[in-house]
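Got the viewer open and a selection box ready? Let's take a walk through the chain, one stop at a time.

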Amino acid sequence: MIDHILGRPSNGLKRLEVVLVTILAVSVIRRNGFEPPILTRWLRKANRLLSSLPAWKIILGTLTTSYVTNHLFLLLFLNAPEPLAKMYTRNFYRAAWINTATDAGFLTAHNIKPKLAKDFLSIVFSVFYLFNFDKADSKMKKYHAAISIDMIRTKWDKKLNPYLRLLAIADIGFLGIRRDIEIQRQINPPSPTAFTRETHPLPPVKARVFFSGSEADFKCSENLILSIPGGGFCAQPPQAHEDYLSTWARRCKVPIISLNYDKCPERPYPWQLEQCFEVYRSIIETNGASVGLEGWYSSDSHMKKKPIKIVLAGDSAGGNLCTALILKVLDNSTGIELRPPSGLVIIYPAYTFDPQCWIPNKHRALFRSASTVSAPLSSFVQTRGSIKPDAPFSMPPAPRSINVMKDEADFSVSWYVKWWEWIRGKTSGPRIPSALTMTSHMSYFTDLIMPPEALRAISMLLLGTSPVPIRFDTDYLMAPIVAPDELLARFPKIHFICGEKDPFVDDMIIFGEKVRSAKLKALREWERMRETRAHASPAGSRNNSTNMHDDSDMLTMDKKKISSTRVLGLLSPKHDQHFGPQRVASGNRRRAESQSGIGSFLNHHDLNDDEFAHHIYHHDPNEMVQMKILEGCSHGFLMMLNIFPEALPAINLCADWLVEMLEDEELGYSMTNPGSFTDLMAENTAQSRSTSQNLMIKTKMDKVNLVKVSNDLKGSVPSESVLERRRANLAETHEIVK
């Protein structure tokens with residue numbers, strides 16, 4: 001109260017108030033005997049009554065009176081509405097309760113030294129807050145208001161506490177291989193970097209290997225899972241994700257490489273993405289030798305092995321990095337050609353650092369389109385798109401329980417809810433369509449797991465000291481949600497899973513639907529090309545192709561933009577096959593391309609029948625993009641294996657998706673570019689590079705530097721081209737280290 005009177009909220013003043021009250025109470029107790037200091041009739045009666053009671057009854061009665069007094073308004077129905085009453089399923093609320101209590105306990109002890117005492121007292125305080133959840137919730141809100149990097153790491157790295165690891169030992173289990181490794185960066189040629197002042201060569205990337213088999217089986221493996229764990233870009237190494245990664249390793253029986261990328265703010269954006277790209281490049285170019293596999297040649301054979309199949313998996317910040325990695329591979333802005341993986345499994349990804357209040361109309365259309373994919377998505381979209389006129393911020397109750405594998409939810413109403421509604425004589429009013437839809441960032445700002453203050457802190461820690469300009473509306477490597485359709489159409493198979501009440505759920509649905517929509521347009525283009533190939537005569541095929549280029553509406557993109565980025569060398573010839581036929585804008589553009597020595601896009605006549613039939617565009621978009629919503633759940637459920645029953649089915653489902661992508665031979669075939677740069681590199685792995693290979697590397701370096709002379713070409717690149725802006729940004733802020 002003292003701080004309120006002085007108009008300056010302060011923990012020091014509150015601490016002084018407690019000390020003064022304590023001193024006053026002790027003074028009164030010591031100065032007065034049996035009789036109370038203020039002699040009134042009711043005090044005398046109370047004193048005589050209490051004098052006949054034993055001490056334990058007096059203590060218990062005092063504590064009970066204090067408890068009732070603190071909850072007096074609740075008993076008199078004068079309390080405020082409970083914001084979490086309809087938010088979560090019962091199981092997820094229990095998990096969020098435990099998580100919030102442990103967060104409060106760990107933050108309470110985070111300044112204690114030494115570490116041994118800190119680890120033990122963190123558990124003691126967590127148990128205290130389990131029985132005082134309101135205090136834990138209030139304390140977490142205060143911590144979030146002025147959170148620091150040390151606080152974030154204390155609460156998000158709590159699974160590294162030895163006592164909590166002991167409780168999770170059953171989930172972690174035994175694996176044949178569980179070790180830390182370092183993955184060396186490829187330096188021939190070096191990858192572009194925004195951190196030109198760093199000492200070169202750059203240090204290797206740390207990672208952790210999980211495999212349930214023997215060492216021999218590990219070396220001979222032909223499949224690989226590359227996991228990029230989350231943690232807000234600033235916390236949670238692979239050891240913090242060890243329980244579900246171990247479960248994946250046992251269920252998939254495939255080596256898992258989990259990256260321990262450097263964290264912000266020590267390493268700001270795009271350092272983490274560059275590390276992920278370097279690891280992926282190293283694995284592709286060495287065929288896994290950089291992580292301990294045999295590589296291109298086995299020990300008992302001189303025959304070159306086929307390329308290993310890779311799938312990517314990432315949760316939260318790791319989902320952002322996985323997606324940005326694919327975009328970086330597809331746009332070829334580095335000048336280094338790599339084949340994409342066979343698929344991605346993305347769990348509650350963070351796709352934007354610029355949260356908005358209202359969903360734009362163009363994204364509302366994507367929501368309506370996504371509602372036709374599955375029943376949970378349809379229910380989710382209908383709920384988000386409707387309101388109660390008299391209570392626009394109220395939300396429908398979450399289900400009592402869910403079945404992750406069967407997409408089922410129990411919405412039955414408890415008997416006491418029915419009884420209470422009967423007592424009040426009120427029924428729930430109808431929901432009507434809303435002209436405005438709030439984003440999930442705003443709708444679920446009371447979320448216990450990912451509050452808005454955490455997103456604010458992550459954004460500042462990651463981007464505040466970045467060496468590249470921050471452009472939320474164009475930098476799709478930072479915010480994949482703004483990626484252009486011409487890249488999304490070439491995405492590998494991608495499966496999403498996210499909680500319904502996750503603040504990032506809108507990002508997932510919008511991005512997933514953008515990928516599906518782009519692939520649907522690409523499929524229609526592929527079907528038109530198939531008809532053209534079927535009806536065109538050999539002599540007139542080129543003319544038919546030209547006519548189709550003039551009339552088609554490939555991905556509804558401006559062909560001048562794509563052609564211009566092609567002139568800049570942003571899209572490589574080997575990736576042209578993903579774009580299908582492209583229309584040349586004008587005769588001047590053709591001459592400019594011809595004079596620059598780059599040539600026009602590959603059209604469908606440049607592919608043989610087998611390559612065309614297995615082109616990435618021919619896949620069903622509904623199979624290539626799948627989204628799963630867990631109703632009544634929020635963020636981070638993979639990290640709740642021992643406190644959230646539905647976490648294990650979700651983890652097993654993700655593992656099944658990974659295995660499905662690895663076993664799909666057609667995916668592996670359509671995603672591989674025969675004769676690509678990395679395949680040619682592998683032919684002479686055991687020998688020194690030949691002159692032709694060095695020439696090829698020089699040619700690729702020339703492509704990267706082609707932007708320096710692009711302004712001399714006729715028909716400059718339109719300023720609205722997303723890809724051109726990305727390329728220009730790279731030219732300004734990146735350089736290739738020689």
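**First stop: an odd backbone**

Select K253, which sits in the loop between α13 and β4. Helices (H or I, at least four residues) and strands (E, at least two) are DSSP runs, numbered from the N terminus. K253 has a positive phi of about 55 degrees, although it is not a glycine. Most residues other than glycine have a negative phi, and most peptide bonds are trans. Is K253 buried or exposed? At 59% relative accessibility, K253 is exposed. Here buried means under 20% relative accessible area, exposed over 50%, and partly exposed in between (1.4 Å probe, protein chains only).

A word on what you are looking at: this is a predicted model, where local features need pLDDT of at least 70 and side-chain atom pairs count only at pLDDT 80 or more, while totals for chains, interfaces and linings use all residues. Residues are numbered from 1 along each chain as its sequence is written, and side-chain values use heavy atoms, with hydrogens and water left out.

Now zoom out for a moment. The protein chain has 33 helices and 12 strands, and 51% of its 738 residues count as buried. Contact means heavy atoms within 4.5 Å. Among the contacts in the protein chain with a separation of 6 or more, 81% come from residues 24 or more positions apart.

**Another positive phi, and two cis bonds**

Jump to F233, in the loop between β3 (223-228) and α13 (242-252). Its phi is near 65 degrees, again a positive value in a residue other than glycine. F233 is buried, with a relative accessible area of 4%.

Next, select the loop between β4 (256-260) and α14 (271-286), where you will find P265. The peptide bond joining C264 and P265 is cis, with omega about 5 degrees. P270 is in the loop between β4 and α14 too, and the bond from Y269 to P270 is cis, with omega near 5 degrees.

Step into helix α14 and pick Q272. Q272 is buried, at 1% relative accessibility. Which residues does Q272 touch? Leaving out residues up to four places away in sequence, Q272 touches F233, Y261, D262, K263, C264, R267, L321 and L462. So two earlier stops, F233 and C264, turn up in the contacts of Q272. Try a distance as well: the C-alpha atoms of Q272 and G318 are 9.8 Å apart, with these positions 46 residues apart along the chain.

**Into the sheet**

Show the strands now. An open sheet of 8 strands runs in the order β1-β2-β4-β3-β5-β6-β11-β12, with mixed pairing. Two strands pair if DSSP finds at least two bridges between them. At the edges are β1 (177-183) and β12 (625-630), each pairing on one side only. On average, neighbouring strands of this sheet are turned by 20 degrees against each other, direction ignored.

Colour β6 (residues 343-347) and look at both of its neighbours. Strand β5 (residues 309-315) runs parallel to β6, and 5 bridges join them. L312 stands opposite L344 in β6, and G314 has I346 as its bridge partner there. To get from β5 to β6, follow the chain through helix α15 (residues 317-331); this β-α-β crossover is right-handed (with the strands pointing away from the viewer, the path from the first strand over the helix to the second runs clockwise). On the other flank, β6 and β11 are parallel and joined by 5 bridges, with I346 opposite F496 in β11.

In a regular strand the side chains alternate between the two faces of the sheet. Flip β6 over to check each side: G343, V345 and I347 on one and L344 and I346 on the other are all buried.

**Last stop: a helix pair**

Select α22 (residues 505-535) and α16 (residues 361-370). The two pack at an angle of about 75 degrees, with their axes 9 Å apart. Axes are lines fitted to C-alpha atoms, for helices over the stretch in contact, and angles run from 0 to 180 degrees between N-to-C directions. The helices α16 and α22 are therefore roughly perpendicular to each other (angles under 35 degrees count as roughly parallel, over 145 as roughly antiparallel, 65 to 115 as roughly perpendicular and the rest as oblique).

Show the side chains: H363, L366, F367, S369 and A370 in α16 meet D506, I509, I510, E513, K514 and R516 in α22. By class, this contact has 5 nonpolar, 2 polar and 4 charged residues (Ala, Val, Leu, Ile, Met, Phe, Trp, Tyr, Cys and Pro count as nonpolar, Asp, Glu, Lys and Arg as charged, and the others, Gly among them, as polar).

Finally, keep α22 selected and bring back the sheet: α22 lies across β11 (493-499) and β12, running at about 160 degrees to β12.
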